[in-house]
Structure formats: C-alpha cells, structure tokens
Amino acid sequence: MRRAMPFGLLCLSVMSSGCARKAASAPPPTAYGSAIVEVSGGKQSAPVGARLEQPVVVQVNDDQGNAVAGALVSFHGLNGVEFDPPAGPTDSSGQFTTNVSLGGMAGRYQIIASTLTKSQKQATVEIEEIALDYQEVLGRELSEQYCSRCHNPESTPERVSNYDNLEVKPHPFAEGETLNKMSDADLAAIVSHGGPALNKSPLMPPYGYTLSTPDVQALIAYIRMISDPPYQVSGTYSKK
Amino acid sequence: MQELNENRPSLWHKLFGDPIRTFGIVSVILLLSLAIAPAKNHFSEWRHYQKSYLSMIRGRGEAITLQRHFQGGIQQIWHPELGVVDRCTTCHVGLTEASLSDVTQQPFRRHPVIPHNLEQYGCVMCHRGQGVATTVEEAHSSTLAWEQPLLPARYIESSCGQCHRAPLTGTPQLNEGRRLLASSGCVHCHTIKLPEGGTLKATDDPPSLLHIADKTTREWIFAWLKDPQAYAISARMPNFKLSDDDARDISAFLVFSSVPLSGDTLALSQKAAPDPSAGPSLYGESFCATCHAVQNAAGNLVGGNIGPELTRIGNKAKPGWLAAWISNPRVYDPGTAMPHYRFSEQQVSTLAGFLQTKADSDFLANVHLDPATPEQIAHGKLLVTEYGCASCHEISGIKKPENFAPELTRIGSKPISQLIFVAGMRHTLPDYIGGKLRQPRAFAPGLKMPQYSLTSAQIDALTTALLALNDRSQTLPATLTVPNVADSTYRPAGKAGQLMNDLACFSCHRINGRGSDLAPDVTWEGSSVQRTWLEDFLRNPNTLRPALIRRMPKFNLKPDEITTLTDYIMTVYQTPAFDRDSMPNSGYAASDIEHGKQLFYSKYACQSCHIIDPKADKGYIGPTLTQVGSRLNAAWIYNWLKNPQALRPGTIEPNRNMPDEDARAMTAFLASQKGSTKQEAKR
C-alpha cells in the first residue's frame with residue numbers, strides 16, 4: 001500500500017517533481033565577480049524536453065566590467081529544466097557554458113544563472129528560452145521549409161536568405177511589435193491568400209492552396225510562441 | 001493478561017464484563033473498520049484534484065461552460081483493441097478545454113493541440129505510465145507492479161512512430177533518429193524487423209575490403225583502426241578501442257587477405273605530369289565539394305557528406321590507386337555513389353596529384369610496423385571474426401555473421417528488470433538506451449559494441465527512434481498504422497540505364513521514387529525541358545539557382561553519350577498528365593506577352609523569387625528565368641503555374657489557384673524569354 005501524503009505536500013510534489021537538479025558539488029570558487037551577463041544562447045526555441053541547439057554562455061565580470069576567471073556559476077530553472085553541467089567555474093575568458101534541456105511542458109522558461117560576489121551576495125541574470133509543443137514544432141518545420149528563406153534575414157552558405165532582395169521587407173517571425181497587433185484571423189488570411197488580402201505587398205504569395213488549414217494554424221501557433229515581446233491573448237479569458 | 005487483570009481488573013470488566021456492552025463495543029469497532037474504505041475514498045487524491053479544479057474554474061469568466069463540461073467521479077477511457085485503460089482524465093480534468101490555455105498549473109493544463117482526438121486513443125498510447133492507477137505516484141512512476149513510468153517529454157515523438165512509420169513533418173527528432181538508425185551502421189549488426197514485414201535496411205554502404213591493399217597501406221589501416229576520427233573528423237566508422245597489438249594484427253590480416261584486382265591501379269604516362277596550378281580549379285570545376293568535404297583552417301568541414309572526407313586523403317590513398325579511381329571508380333567498386341567522370345589522362349594526373357597533397361605529414365609519422373608474422377595474421381583473423389568486422393565490410397575469407405548483435409525489434413518495450421544499469425544512472429529505459437549509445441563499453445567488461453562519436457542531439461534522436469520499436473508498434477491493427485513507402489527499386493533500362501548508373505545520377509537526383517533529394521526530382525524531365533537545352537546542359541551544366549552551392553558536375557560526356565541520355569529522358573520521363581507538345585513554344589501574340597508580363601510583376605509578384613531581368617530582379621529562391629523559354633516546354637510552364645505540387649510534390653512554389661487565362665498569358669510571357677541572342681546565334 002502506498003503511503004498517503006498530505007494534500008498540500010502532494011500538490012507541491014507534483015509541481016516540483018521535475019524541478020532542476022540542484023547544483024552538484026562544485027569546486028570552491030577561486031575568484032569572485034560582481035555581475036553576471038548573458039553572452040549567447042538566450043531566446044532559443046526547442047521541442048519540449050529537448051536540448052537547445054546552442055549552449056547557453058554567461059560571463060562573470062568585476063566592477064570594471066572585466067571578465068573574471070575562476071568564479072563559480074550555477075544555473076537554476078523550474079519545471080524540469082536540466083543543465084549539463086549545472087554549475088562550474090568560469091574559464092580563462094570569464095565565461096561558463098552549459099547545455100540546457102527544457103522541461104516537459106510547452107511555454108516560456110526563465111532560467112537563472114547566478115554567481116557569488118565578494119560580499120557573499122548572489123549576482124544573477126535571467127535568460128528566457130522557449131519550449132515548443134507538437135503544433136509549434138510542426139509550425140517551425142513548415143516555416144523552415146516555406147517561409148524562412150524570405151522571412152529570416154540571416155544567411156548561411158547552405159541557405160542563402162532572400163530577405164535583402166525584396167523591395168518590401170518581410171517581417172521576421174519573432175517581430176512581436178508588428179505581428180502581435182494582428183489577429184489570428186488576419187495572419188491566417190495573409191498566409192492563405194497572400195499580402196493583397198490585407199492590402200499588403202503581393203510579394204507575399206498565397207499558401208492556402210499549398211498548405212492545409214491545420215498547417216496554417218500550426219504556423220500561426222509557432223509565430224505566436226516565438227514572438228518577442230511575448231504575445232498576450234487579450235480579452236478571451238478575463239474574469240467576470 | 002493475567003497481570004493486567006490483576007492490576008486493573010476494572011477496565012476489562014468495564015468494557016467486556018457485560019455482554020450487552022461487549023456487543024456495543026464490538027459493533028463500534030466493526031463500524032469504524034467498515035468506515036475506513038469510504039473514508040479513504042473520500043480523502044483520495046483524485047477527489048482533492050477535482051475539488052481544486054472546481055474552485056479554480058469558479059473564478060473564471062467561462063465558469064458556467066466549464067462547470068457543464070465537468071463530470072465528477074473516476075473517469076475512464078477504454079479501448080480494448082489498443083490495450084488502453086486510462087483513468088488519467090480523472091485528475092487531468094481540463095485537457096480538452098480550449099479556454100484553459102492560460103492555465104499553467106498541473107494537472108489542469110489544457111492538452112497541447114495535436115492532430116488526434118484525445119478520447120480516441122487515450123493517454124498511455126503516447127505518454128506510457130500506468131493508466132488504470134488512480135494515485136499520482138502509481139500512475140506516473142514505475143512501481144513494483146508496473147515497469148513503465150511516464151515517457152519523458154524529450155522522447156515523446158517516439159510515440160508518434162508507433163503508428164506512423166513514414167516521416168511526419170511535425171516529428172523532426174523521430175525522423176532524424178530513424179535516418180541515423182539506417183545510416184549509422186546500427187542495422188549491419190542489429191536486426192530490426194519491421195511490423196509491415198522485412199527488416200530495416202541500411203542506407204550506408206561501408207566499403208569492401210577485398211582489395212584493400214591496392215588502395216592503402218598497412219600503416220594507414222593501423223592508424224585508422226586505432227582512431228578513425230583522427231584521420232577524418234566526419235568518419236562514420238566507430239572506434240573499437242583496440243590495443244596497439246590488436247590493431248597491428250588486424251591490419252596484418254587485412255593486408256594479407258587482400259586480393260589484387262586488375263585495373264585498379266593506373267600507371268600514368270610520363271607525358272601526363274600533374275599540373276599543380278590547375279589542381280584546385282579542376283577540383284572546383286568538377287564540383288567535388290558537392291559530395292566531399294575538406295576541413296578548413298578553422299577546423300570546419302566545408303563540402304557535402306555523400307562521399308568520404310578528403311582532408312587527409314594523401315595519407316591514405318596509394319597514388320596509382322587514386323589515379324585509377326578518379327579515372328573510373330566503378331572498376332574498384334561497381335556500386336559506388338561516385339560518378340565516372342570522363343577525365344583526360346592529364347586531368348586524372350592533375351586531380352590525383354592535387355589530392356595527394358591533401359595530407360598531414362605527422363599523421364603516420366609514428367606508425368612503424370614490422371613485417372607481419374603468421375601468428376599475427378592468424379590472431380588478426382580471429383579478432384576480425386570476434387569484432388564482427390564482416391557485418392559491415394566484405395572481407396576475403398570471412399563470412400558475414402548472422403544476428404551478430406541482439407535484435408532491436410522490440411527494444412522500446414524491454415523490461416527494466418532485464419537491464420543492467422551503470423552506477424549513477426537513472427533506472428529507466430530511455431536512460432539505458434541513451435547510456436548504451438553514449439558509452440557502450442561502460443556497461444560490462446568485454447562488450448564488443450564500438451564507441452560512436454554521436455552528439456547529444458543525435459543520441460536523443462536515436463533513443464526516440466528506438467523507443468518507437470516496441471510491443472505496441474508490432475501488435476497494432478494494420479488499420480491504425482500509416483505504413484512507410486518502401487524505397488523503390490527502379491532501374492532505368494538499356495544503354496541509357498547503364499550510362500545513368502555509370503554517372504551515378506541517383507546519388508543526387510530522384511527518379512520514380514528512387515534516389516537522393518539533393519538535386520531536383522527528374523521523373524518528368526522529358527515533359528519539362530526542351531531537347532536542345534537538355535543536350536547543352538549535359539554538355540556543360542550551369543546552375544539554374546543563383547544561391548546554390550552544390551551543383552551538377554560536368555562529366556565531360558561524349559556526343560553519343562549525350563544523345564543516348566537525351567533520347568531516353570525525352571522519351572521515357574514524360575508525365576501522363578499532359579502532352580508536352582500541346583502548346584507552342586513560340587509565336588505568342590505581343591499583347592498576350594505584355595499581359596503576362598504585367599501579371600508576372602504585379603498580380604503574382606514572381607520577382608520575389610525569380611529573376612527575369614538580371615538588372616532589375618533579384619529573387620534568389622527559384623531558378624533564374626532569363627532563358628526559361630529556351631529551357632522549358634510551354635505546356636509544362638502552363639501546367640506548373642496551375643499546380644506546381646502536382647508535377648513535383650513538395651516543391652515550395654505555392655499553388656496560386658491561377659485562372660486559366662492568367663496561366664495562358666503568363667505562359668506566353670515566359671515562353672518568350674529566350675535568353676541572350678548569342679545563344680540563339682550559336683544554335
């Protein structure tokens with residue numbers, strides 16, 4: 001027979017069952033900084049539970065803003081975020097690199113990197129990452145196939161961007177300032193019927209005869225999820 | 001009892017002295033014990049969750065709707081044909097409530113949108129765990145009675161793979177895992193039986209070692225065996241962690257057993273001395289980098305991965321063999337993916353000389369092997385048999401072993417009680433599989449599985465694909481599964497077929513379901529292009545897409561070869577959907593052409609992806625259309641405009657649902673784009 005647990009505790013245990021493993025015993029710091037900053041790896045998106053493609057890199061600086069080597073950095077996150085490694089000293093360039101796996105639920109994750117300062121206080125930096133659910137992963141795959149050649153300004157040798165060639169510049173999908181103001185119906189209209197559907201440029205062709213309705217919805221779900229600033233659903237769920 | 005009675009006789013007497021009182025007391029005890037069951041039920045976990053759900057929805061705008069949807073008590077989804085009995089929805093109450101998408105508190109989150117109705121398949125089909133359990137611990141974790149805990153979200157795509165045997169757009173990790181499973185050599189040793197029959201076939205082609213001594217030296221074999229990735233960081237061969245003596249003996253046996261092959265070394269005449277200055281440009285012109293990669297100064301690989309990496313090819317290949325290979329690779333390996341370029345002797349010499357310079361002088365500097373003794377050779381043969389080298393490679397005198405390693409057909413359902421874990425490892429199946437892939441030899445001494453150099457993402461992908469190989473996937477009714485389309489075994493016939501095999505067209509192009517997707521599918525090429533263009537293209541291929549770095553090589557074909565290929569393609573590769581001569585390729589009215597031009601630039605804005613006027617247009621995505629009227633048939637253009645995906649499934653050009661008259665005018669405009677007059681004059 002299972003032991004009965006008090007209800008409150010149960011609730012907590014469910015919420016925190018996937019809590020990040022605490023920083024493993026790390027060697028004591030040989031140096032202290034006064035601030036910690038993100039170098040790279042923030043604002044990535046990956047399927048739920050998956051490792052982020054790029055590692056997260058943070059740097060510890062002293063009062064003058066110079067990098068500090070040997071300072072101890074530890075990472076914390078809620079809801080099943082895992083770090084590999086979760087803690088360690090900064091390298092000779094004052095940086096610490098960790099691989100991050102997000103938790104099992106889709107959404108935005110705040111992860112916190114912290115370092116101990118000389119005065120035994122914690123200096124922290126918050127980094128945001130995004131876990132995608134099935135629909136959003138589908139949206140991301142479709143976007144890579146059909147959209148990103150024009151909508152992503154970044155070029156790689158393998159996939160040259162068409163962004164610079166276009167007279168009217170497409171909106172990158174994370175551009176929340178513009179896209180958040182558009183309703184789902186408007187986005188669906190543009191994707192399905194092309195730019196002219198909303199009196200916008202005909203350089204955006206219609207995909208409604210190529211992609212299915214669930215595909216278009218998946219694209220919109222993906223665009224909403226990676227939006228920066230985050231997309232807020234308005235009006236629908238307000239209390240009485 | 002005696003003592004108790006003596007000390008406190010009154011208590012016993014008070015309670016049980018009187019028969020009526022005894023009856024009363026016993027009744028109370030009985031009543032209390034009977035009350036345990038209902039009380040346990042009343043205070044059960046799921047009741048608590050249902051209560052807190054009700055109090056949560058009470059404060060929401062849509063409370064009345066949610067309340068109406070709510071059903072109290074234990075909920076169950078039962079699908080006997082799937083073996084699904086799920087009570088998860090007893091606590092996970094709001095799974096199907098679309099309006100709860102802002103709730104982050106478990107167990108009340110809405111289920112993410114998936115293409116299936118949750119009721120239709122239940123929960124454990126995808127999430128595993130114990131569906132019948134009604135407590136949190138038993139449902140989610142592994143217990144003495146239940147081995148399968150919840151599947152971590154990281155591997156959730158494996159559940160899609162139980163029914164979906166073909167790639168799905170929404171499951172990139174599963175697709176990648178399956179690709180790796182077939183291409184990393186796993187199935188050379190491990191058998192994977194497919195539910196639809198047959199076994200998973202390897203897509204890689206490890207080289208035959210029958211004539212290895214013609215190709216390379218014993219020293220190189222030794223160094224390669226010791227650490228394949230030291231020779232080429234992209235090497236697919238795993239590291240067997242051999243001792244120096246074992247590597248020495250295996251290399252001795254391989255060289256000893258190698259059979260010389262006539263024609264696989266080429267002695268070049270004195271006239272054809274390599275021209276060092278022409279080497280790099282010939283390598284570039286021949287588009288060797290489309291398939292082969294070379295490590296640059298920064299340590300990054302530049303080039304394709306169809307052929308082996310060539311960073312240190314000069315350390316490996318014997319000069320005479322390399323020249324023979326470049327001259328005609330099919331002599332040494334009839335099934336190679338490398339095309340048979342028609343190089344002149346001078347070109348062979350130049351290219352071989354250039355490749356020979358791609359070497360690292362330190363690479364074999366410390367390898368000194370004494371001549372092999374018969375004992376070493378015999379020991380080497382024993383090791384080759386023990387390590388199962390012949391599972392992947394053809395080796396003279398060694399038979400390919402059957403079932404060399406454990407079968408993986410149902411690895412995704414392997415009972416945890418049958419697994420041996422390494423200390424410190426979480427006792428779950430995904431952790432076991434991941435651990436095996438990461439460090440196979442860590443599990444016990446004497447294991448043979450070699451060390452792969454897989455990235456963490458690749459290990460996760462492979463684990464996902466392996467977890468999909470489980471009891472359920474093997475036993476699902478066929479009506480519920482989406483079968484994979486078996487690879488076509490299409491072989492073009494006759495002289496042209498031989499030529500296409502010789503040129504390895506299928507290494508890049510896909511025809512009738514066979515081949516690679518690196519280059520366009522040419523199944524309907526005969527309907528698509530005009531004969532003169534095709535002849536010109538085969539003679540001197542130029543790229544159609546401005547942003548492409550991987551390109552069609554120039555094979556230096558002879559005129560009669562071009563005629564054979566062109567005849568075959570123009571005759572055989574025609575779509576039944578339309579007649580390619582049903583529309584004229586020229587002679588359109590100027591007004592139609594002008595109308596088409598307007599449609600092209602204004603209504604359909606094709607210039608966002610295509611270039612017609614190289615001075616004004618910049619589109620990089622589709623092929624350049626400056627000469628499209630000399631390249632494509634008008635009937636193909638028309639039908640393509642009407643529905644591109646019908647002619648080439650998966651093409652990214654959207655279907656515009658174009659009216660017939662628009663398509664006709666655009667066809668007139670495009671067919672009139674004949675390209676430069678110089679080309680016309682040449683013809």
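Q: Which domains does the domain assignment give for chain A?
A: In this predicted model, the domain assignment divides chain A into domain 1, residues 21–132, and domain 2, residues 134–226.

Q: How far apart do the C-alpha centres of these two domains of chain A lie, and how many residues does each give to the contact?
A: The C-alpha centres of domain 1 and domain 2 of chain A are 32 Å apart, and the contact takes five residues from domain 1 of chain A and five residues from domain 2 of chain A. On the side of domain 1 that touches domain 2, the elements giving two or more residues are β2 (45–47) and β9 (122–132) of chain A; by class, the residues of that side are four nonpolar, one polar and no charged.

Q: How should I read the contact of chain A with chain B, and which elements of chain A give two or more residues to it?
A: One can begin with the residue counts, then turn to elements and classes. The contact takes 44 residues from chain A and 46 residues from chain B. On the side of chain A, the elements that give two or more residues are α1 (7–16), β7 (95–101) and α2 (134–151), and the largest share, nine residues, comes from α2(A). That side of chain A has 26 nonpolar, eleven polar and seven charged residues.

Q: What is the mean pLDDT of chain A, and which elements have the lowest and the highest values?
A: As pLDDT is the predictor's confidence in each residue, from 0 to 100, the chain average is best read together with the values for elements and stretches. Chain A has a mean pLDDT of 84, with 86% of its residues at 70 or more. Among the elements of chain A, α1(A) has the lowest mean pLDDT, 35, whereas helix α5 (residues 213–226) has the highest, 95.

Q: Over which residues of chain A does the pLDDT stay under 50, and how many contacts does the model have for them?
A: Residues 1–24 of chain A stay under 50, and the model has 28 contacts for them beyond four places in sequence. The pLDDT is also below 50 over residues 235–240 of chain A, a stretch with eight contacts in the model beyond near neighbours in sequence.

Q: Which residues touch the most other members of the largest nonpolar core?
A: In this core of 106 residues, A:Val73 and B:Ile637 touch the most other members, while α5(A) supplies the largest share of the core, nine residues. Leaving aside residues up to four places away in sequence, B:Ile637 touches B:Leu632, B:Thr667, B:Leu670 and B:Ala671. A second, separate core has 24 residues, including B:Ile313, B:Trp325, B:Val348 and B:Met500.

How values were computed
Residues are numbered from 1 along each chain as its sequence is written. Chains are lettered from A and ligands numbered from 1 in the order in which they are written. This is a predicted model: local features need pLDDT of at least 70, side-chain atom pairs count only at pLDDT 80 or more; totals for chains, interfaces and linings use all residues. Two residues are in contact if their C-beta atoms, placed from the backbone, lie within 7 Å. Helices (H or I, at least four residues) and strands (E, at least two) are DSSP runs, numbered from the N terminus. Ala, Val, Leu, Ile, Met, Phe, Trp, Tyr, Cys and Pro count as nonpolar, Asp, Glu, Lys and Arg as charged, and the others, Gly among them, as polar. Domain bounds come from an automatic or database domain assignment. A nonpolar core is a set of buried Ala, Val, Leu, Ile, Met, Phe, Trp, Tyr and Cys residues joined through C-beta atoms within 7 Å. A residue is buried if 20 or more other C-beta atoms lie within 10 Å of its own, exposed if 12 or fewer, and partly exposed in between; C-beta atoms are placed from the backbone.
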